[in-house]
Amino acid sequence: MDNMLVAQNITKEFIGLTALSNVSLEVKQGEIHGLIGPNGSGKTTFFNVISGVMLPTKGEIFLRGENIVGLKANEISKKGIARTFQNIRLFKELTVQDNVKVAAGSRYNVSSIDIIFKTVRARKYEKEIQEKTDSILEAVGLASFRNTVAANLPYGRQRVLEIARAWGTEPLLLLLDEPGAGMNPKEKEELISLIYLLNNAHITIILVEHDMKLVMQVTKTITVFDSGEKIAEGTPQEVSNNPKVIEAYLGKEGHRVKN
Ligand code: ADP
Ligand code: MG
């Protein structure tokens with residue numbers, strides 16, 4: 001199967017600290033790929049580098065064979081990479097619907113300003129953007145909240161809205177940064193269904209998640225980072241039996257990798 005993403009020898013240095021050290025990773029097209037590691041191991045930095053929020057200090061990143069290092073975040077978004085953030089980032093004052101419309105508009109070069117102020121440009125594509133938004137809200141179970149201001153959504157649903165917004169940009173590759181954080185068991189079940197739904201819509205996914213049970217359930221391949229280095233990769237079973245992985249978790253967080 002073809003690779004969706006190839007990252008080669010990625011190093012990211014901050015002042016006095018190497019957050020990623022010579023990390024290489026391949027994600028196959030259509031895969032749900034897990035990325036785990038103790039706090040501070042470089043997972044979010046990896047997402048920042050892939051999505052163009054930060055430049056790598058060294059290394060190459062290819063999206064379906066095309067080198068994307070040096071492109072701006074909005075250019076990388078147009079190429080097909082979307083992400084969610086560990087700390088939710090929504091337009092908190094806008095409605096659920098408008099949050100998704102802003103994302104859906106990006107495919108028509110319609111800006112957030114166009115959407116909010118209903119400019120001529122936004123009206124030109126109104127029908128397409130509205131239809132796409134409606135279908136996404138329906139699919140993720142947020143249709144009944146369409147007119148709710150994002151800040152007033154329950155926390156778990158804000159996380160779902162972030163995913164909905166990412167979906168609105170029509171990604172080939174979606175980076176999910178701890179989407180299950182703060183969710184109750186029922187919300188996590190719904191999150192799992194949503195991840196499968198996105199994947200069935202041909203979206204390749206990299207999932208960073210602390211809930212080991214959740215990661216092991218939905219991924220076929222897991223990469224493990226520790227202190228900015230890739231220390232293991234394999235099936236959930238292989239990774240959870242890997243002594244290096246157990247050591248990384250026991251040493252740093254004092255808990256076991258659970259099956
Ligand atoms: P993870 O997501 O795995 O918890 P991060 O990628 O957030 O890890 O962080 C990896 C390391 O890089 C940590 O030591 C963190 O403090 C550091 N780091 C992350 N972002 C920055 C930044 N913008 N400036 C300086 N150091 C950073
Ligand atoms: Mg993180």
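**From a buried threonine to the ligand shell and the sheet**

In this predicted model, a polar atom in the side chain of T219 is placed 2.7 Å from the backbone oxygen of V215. T219 itself belongs to the loop that connects α9 (212-218) with β9 (221-226). Its relative accessibility is 6%, and T219 therefore counts as buried, since the limit for that class is under 20%. Leaving aside residues up to four places away in sequence, T219 touches I32, H33, G34, L207 and P236. The surroundings of this loop residue thus bring together the polar pair with V215 and contacts with residues such as I32 and P236.

A second site to examine is the one that holds ligand 1. The residues surrounding ligand 1 are F14, L17, A19, P38, N39, G40, S41, G42, K43, T44, T45 and M54. Sorted by class, this shell comprises 5 nonpolar, 6 polar and 1 charged residues. Two elements, β2 (17-28) and α1 (43-50), each contribute at least two residues to the shell. The largest share, 3 residues, is supplied by α1.

Which atoms of K43 and T44 approach an oxygen atom of ligand 1? For K43, an N or O atom of the side chain is 2.8 Å from an oxygen atom of the ligand. For T44, a polar side-chain atom lies at 2.9 Å from an oxygen atom of ligand 1. G42 takes part through its backbone instead, with a polar backbone atom 3.0 Å from a ligand oxygen. As for the cover of the ligand, ligand 1 has 560 Å² of accessible area on its own, and the protein covers 62% of that area.

The element β2, which supplies residues to the shell around ligand 1, also belongs to a sheet. This sheet is open and consists of 4 strands in the order β2-β1-β4-β5, with antiparallel pairing. Because β2 and β5 (66-67) stand at the edges and each has a single partner strand, one side of each is left without a neighbour in the sheet. In general, the strands of a sheet pair through backbone hydrogen bonds, in either a parallel or an antiparallel manner.

Within the sheet, strand β1 (residues 3-14) and strand β4 (residues 58-63) run antiparallel and are joined by 5 bridges. One residue pair serves to locate this pairing in the structure: A7 has I61 in β4 as its bridge partner.

Note on methods:
Residues numbered from 1 in each chain as written. Chains lettered and ligands numbered in written order. Predicted model: local features only at pLDDT ≥ 70, side-chain atom pairs only at ≥ 80, totals over all residues. Heavy atoms only, no water. Near = heavy atom within 4 Å. Polar contact = N/O pair within 3.5 Å; in protein donor to acceptor, adjacent residues only side chain to side chain. Areas by Shrake-Rupley, 256 points an atom, 1.4 Å probe, with all protein chains shown as cover. Nonpolar A, V, L, I, M, F, W, Y, C, P; charged D, E, K, R; others polar. Buried < 20%, exposed > 50% of the residue type's maximum accessible area, 1.4 Å probe, protein only. Contact = heavy atoms within 4.5 Å. Pairing = 2+ DSSP bridges.
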